[in-house]
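Student: Please give me a close look at a single part of this structure. I should then like to see how that part fits into the whole.

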Amino acid sequence: RAVLQRAVLQRAVLQRAVLQRAEMQRAELQRAELQWAELQWAESQQAELQRAEMQWAEMQRAVLQRAVLQRAEMQRAEMQRAEMQRAVLQRAVLQRAVLQRAELTQWAVLQRAEPQRAVLQRAEMQRAEMQRAEMQRAEM
């Protein structure tokens with residue numbers, strides 16, 4: 001009977017040890033599964049973060065590209081305006097030179113015509129004087 005009790009006791013101790021070991025293995029398996037889930041979550045978060053960073057970088061590149069294009073367009077428009085102003089100024093300078101030349105030419109013609117006009121006026125005065133003298137003679 002004592003042997004039987006000891007056998008039953010040993011069996012109970014063994015069962016308890018087996019159950020404890022199974023419980024420990026179950027707890028360790030749970031911990032491993034939890035770690036695995038956390039690792040997968042961390043990897044997905046990292047992938048999401050990388051995707052967001054790439055989107056942000058792409059957006060910044062697009063904004064920068066748009067700014068560069070706008071600046072180039074503004075510079076082109078400014079160059080066009082400057083070219084137009086230069087052309088207008090050049091045309092004004094040419095017109096002024098043409099006007100000055102015309103004025104000088106007109107002045108030169110007038111200067112040359114001045115002695116001729118004086119001669120014509122003198123001749124006209126002499127003719128008028130002769131007419132008056134003829135009229136006076138005719139009256140006498």
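**A close look at one valine**

Tutor: Val98 has a relative accessible area of 56%, so this residue counts as exposed (buried means under 20% relative accessible area, exposed over 50%, and partly exposed in between, with a 1.4 Å probe and protein chains only). This is a predicted model, in which local features need pLDDT of at least 70 and side-chain atom pairs count only at pLDDT 80 or more, while totals for chains, interfaces and linings use all residues. Residues are numbered from 1 along each chain as its sequence is written, and side-chain values use heavy atoms, with hydrogens and water left out.

Val98 belongs to helix H1 (helices, H or I of at least four residues, and strands, E of at least two, are DSSP runs numbered from the N terminus). Between the C-alpha atoms of Val98 and Leu110, twelve residues apart along the chain, the separation is 18 Å.

Val63 also has its place in helix H1, which covers residues 2-139. With a relative accessible area of 45%, Val63 is partly exposed.

As for the whole, the chain has one helix and zero strands. Its radius of gyration, taken over C-alpha atoms, is 59 Å, well over the 14 Å that the globule rule gives for 140 residues, so the chain is more spread out than a compact globule; that rule is 2.2 Å times the number of residues to the power 0.38. The C-alpha trace spans about 200 × 25 × 10 Å along its principal axes. Of the 140 residues in the chain, 0% are buried.
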